[in-house]
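Reader: Could you walk me through this model, one feature at a time? I would like the general idea first and then the case in hand.

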Amino acid sequence: MTIVNETYDVIIVGGGGAGQRAALETASSGANVALISKVFPTRSHTVSAQGGINAALGNIDKGDSWECHMFDTIRGSDYLGDQDSIEYMCSQASRTVIELEHMGMPFSRNEDGTIYQRAFGGQTLDFGKGGQAHRTCPAADRTGHAMLHTLFQQNVKAKTRFFHEWFAIDLLKSGPQKVSGILAMCLETGELRVFHAKAVVLATGGAGRIYASTTNAYSCTGDGLGMVYRAGFPLQDMEMWQFHPTGVAGVGCLITEGARGEGGILRNSEGERYMERYAPIQKDLACRDVVSRSSALEMKAGRGCGPRGDYMHLDLTHLPQETLQERLPGISDLARTFANVDVSKEPIPVVPTCHYMMGGIPTNKYGQVLTQDKLGKDTFVEGLYAAGECACVSVHGANRLGANSLLEIVVFGRAVGHHINDHIGDIAHEKNAEFDASLEKALGRVGFWRQGGGGESIDEVIQDMKKIMQEDFGVFRDGKNMQEGLAKLDVVRRRLAHASISDKSLAFNTRLVSAFELENMMAVAYTTAMAALARKESRGAHSRVDFPDRDDKNWHKHSLAFEGDRASTRAVNMQPNHVDPFPLQEREH
Amino acid sequence: MQTDEQDASNRVRWRCRRGMLELDSILTDFFDRHYHVLSFNEKALFEQLLQLEDQQLFQWFLSENLEGADDFIPIIQLVRELHP
Ligand SMILES: Cc1cc2nc3c(=O)[nH]c(=O)nc-3n(C[C@H](O)[C@H](O)[C@H](O)COP(=O)(O)OP(=O)(O)OC[C@H]3O[C@@H](n4cnc5c(N)ncnc54)[C@H](O)[C@@H]3O)c2cc1C
């Protein structure tokens with residue numbers, strides 16, 4: 001098969017909020033930009049985000065400030081977040097939201113016409129001393145949808161070239177630390193194409209599908225992470241996964257934190273509001289990791305609900321009908337469809353469910369992808385950027401605050417665009433022997449699945465991987481289980497090397513896509529398992545029974561995992577540019 | 001050789017991939033269990049439905065509100081009835 005080559009200034013992989021924001025920034029300054037997305041861009045996972053986007057606009061709380069937002073984000077991250085990146089994100093938040101408003105994003109309004117702001121977990125006034133803040137800006141309960149549509153319209157105007165239903169397979173390198181393009185496949189025809197670019201931006205979103213129970217859509221398979229891993233660059237803080245306390249039991253569908261923000265209460269089988277015991281101040285609105293772990297503890301203590309005691313109750317029965325109808329309309333429908341529950345009469349069965357990946361592709365605050373030389377010194381990969389959930393910039397550290405993710409994707413999508421615009425003039429297109437070798441290798445992977453046969457089906461490999469991740473690397477972690485889990489995962493990983501797919505067709509070969517996605521998920525799962533076993537402390541979402549305390553002396557650092565089981569660490573940035581660093585403190589709830 | 005019909009069916013299955021887990025679950029489940037027995041017209045309607053926005057589908061599949069669904073009402077009702 002002859003392979004068509006195309007050349008752009010910038011290739012963006014991913015059409016969610018991060019990819020589209022980066023595309024807009026580069027295309028509107030005149031660059032020739034192609035955006036590749038495996039699904040139609042407005043069907044990216046960003047469309048799921050209901051609750052809102054954080055910015056200390058102060059429309060409800062006059063005393064709110066970006067510095068308070070920064071403090072909450074650092075504290076929420078259990079001090080693993082990089083303070084320079086968090087400072088950048090929080091200081092840019094208000095202008096970013098207002099920029100979206102000016103692009104036409106239909107935010108909900110207060111009576112005086114300003115943007116409405118609701119309460120979300122982990123938000124405080126006066127650096128933790130002033131009580132609950134209202135910092136989350138919603139567009140009804142469809143904030144992500146509104147954001148994607150707004151950005152899509154702007155991109156059409158800016159002449160971004162969209163390749164939707166194209167699947168990015170691998171990065172193409174023209175040097176050990178230089179990326180000059182990607183190999184992608186058109187889903188409609190099965191055609192393979194080489195896209196040359198001065199800058200490649202990965203914005204491929206999360207990877208929650210590695211767990212058996214997740215709120216993530218089917219497309220969240222960590223493709224960008226797999227590509228980076230195979231290219232020999234590291235993944236960072238992969239042990240850090242946020243479990244949302246309220247996924248509908250058995251299905252995974254998310255009941256937004258807004259439900260507790262509007263007054264919903266978690267109860268155990270005795271009807272007790274157990275969060276009062278675990279987090280006397282913030283109660284049901286404590287950080288997600290705290291709430292998830294508390295629910296898991298209740299179930300372990302035999303106070304779970306239902307015949308098997310394997311879920312908790314989210315009680316909304318005391319909320320006024322108007323609140324349910326006006327502020328939480330989708331929740332009633334979700335509960336009815338997926339749990340057969342009428343929320344005005346019965347509680348919703350919920351469990352902690354994998355929701356968000358804090359780790360990912362390490363970048364600096366300009367979105368440049370970082371790697372390390374043999375001596376452990378940070379260097380960046382020329383021509384490669386990452387933004388959004390696939391990146392670890394790291395603003396969420398060990399735990400993300402609700403509504404900080406939509407903020408991150410637009411702030412750093414734009415930051416990547418800025419950096420590319422400033423440097424693209426210095427970069428040349430590169431195609432050399434190393435590029436050809438890298439293309440050969442990528443084509444070899446395609447050939448393996450297209451031509452191979454007779455091996456085990458990928459379905460069982462997927463199920464086994466998810467089961468191990470759920471059981472041994474979920475909310476509760478302990479050295480012995482994880483050791484066994486890692487050994488089992490290693491076997492499953494080896495099985496993948498001998499698996500095959502029976503469908504050899506070209507058009508919309510969903511089995512082939514699933515095989516590529518599984519390879520990517522396996523990289524994510526394996527690095528998660530390695531990093532979780534290695535981090536011998538409890539911090540944020542990473543909670544170990546055998547190491548229950550945070551250990552700042554030995555573990556106040558990012559973990560890095562490379563292909564070939566190489567592991568390393570990086571220092572956490574404690575040097576913001578405009579404010580004093582926030583020193584380490586114990587978290588209180 | 002792959003037939004046009006198989007190609008079409010693969011295409012429809014891919015387009016059941018959405019931005020929301022709820023829709024992935026409802027649509028993929030429906031596709032895997034029932035799509036092959038649909039009539040030609042029902043298949044066409046289902047594929048047209050998949051071209052619409054996630055928020056729209058979410059409303060039609062998850063709420064009582066079928067406003068604007070018009071021609072799609074029969075296929076929406078079928079998907080809803082067959083949802084486990
Ligand atoms: C149910 C739910 C509710 C949420 N609510 C909120 C909220 O209220 N506030 C908040 O701040 N955050 C929320 N989040 C988190 C937030 O929605 C996500 O972190 C964020 O939208 C991720 O955006 P993204 O642009 O990084 O990726 P995505 O929106 O996931 O986009 C990824 C893109 O990459 C493309 N892609 C992936 N792999 C490939 C490949 N191999 N080839 C080509 N294209 C590829 C996809 O097609 C897609 O276009 C929520 C998450 C969930 C699951």
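Reader: Let us start where the chains meet: how much area do chain A and chain B bury between them?

Author: Buried area is the accessible area (1.4 Å probe) that two parts lose on being put together, summed over both. Here chain A and chain B bury about 2,800 Å² between them, with 55% of it on carbon and sulfur atoms. Arg43(A), Tyr218(A) and Phe508(A) supply 26% of the area that chain A buries against chain B, more than any other three residues. In terms of contact (heavy atoms within 4.5 Å), 36 residues of chain A meet 29 residues of chain B.

Reader: Before we go on, what conventions should I keep in mind?

Author: This is a predicted model, in which local features need pLDDT of at least 70 and side-chain atom pairs count only at pLDDT 80 or more, while totals for chains, interfaces and linings use all residues. Residues are numbered from 1 along each chain as its sequence is written, chains are lettered from A and ligands numbered from 1 in the order in which they are written, and side-chain values use heavy atoms, with hydrogens and water left out.

Reader: How many helices and strands are in chain A?

Author: Helices (H or I, at least four residues) and strands (E, at least two) are DSSP runs, numbered from the N terminus. Chain A has 16 helices and 22 strands. For compactness, the radius of gyration is taken over C-alpha atoms and set against the globule rule, 2.2 Å times the number of residues to the power 0.38. Chain A has a radius of gyration of 23 Å, close to the 25 Å that the rule gives for 589 residues, so chain A is as compact as a globular protein of that length. Its C-alpha atoms fill a box of roughly 65 × 50 × 50 Å along the principal axes.

Reader: What share of the residues in chain A is buried?

Author: Buried means under 20% relative accessible area, exposed over 50%, and partly exposed in between (1.4 Å probe, protein chains only). In chain A, 65% of the 589 residues are buried. Among contacts between residues at least 6 apart in sequence, 74% join residues at least 24 apart.

Reader: And what does chain B look like in these terms?

Author: Chain B comes to 5 helices and 0 strands, in the pattern α-α-α-α-α along the sequence. The radius of gyration of chain B is 12 Å, close to the 12 Å of the globule rule for 84 residues, so chain B is as compact as a globular protein of that length. The C-alpha atoms of chain B fill a box of roughly 45 × 25 × 25 Å along the principal axes. Buried residues make up 49% of the 84 residues in chain B.

Reader: What covers the buried residues of H10(A)?

Author: Helix H10 of chain A spans residues 329-339, and its buried residues include Ile331(A), Leu334(A) and Phe338(A). The cover includes strand S11 (241-248) and strand S14 (348-357) of chain A, together with helix H2 (21-34) and helix H4 (54-62) of chain B. After H10(A) comes Asn340(A), with a positive phi near 55°.

Reader: How should I read a positive phi or a cis bond?

Author: Most residues other than glycine have a negative phi, and most peptide bonds are trans. Asp78(A) has a positive phi near 55°. Asp78(A) sits in the loop between helix H2 (66-76) and helix H3 (83-103) of chain A, and is buried with a relative accessible area of 6%. Lys283(A) also has a positive phi, about 50°, but counts as partly exposed at 29% relative accessibility. As for the cis case, a cis peptide bond joins Val393(A) and Ser394(A), with omega about -15°. Ser394(A) lies in the loop between strand S18 (391-392) and helix H11 (404-423) of chain A.

Reader: Is Ser213(A) buried or partly exposed?

Author: Ser213(A) counts as buried, at 19% relative accessibility. Ser213(A) is in the loop between strand S9 (192-202) and helix H5 (223-230) of chain A. Leaving aside neighbours within four places in sequence, Ser213(A) is in contact with Gly252(A), Thr353(A), Cys354(A) and Gln470(A).
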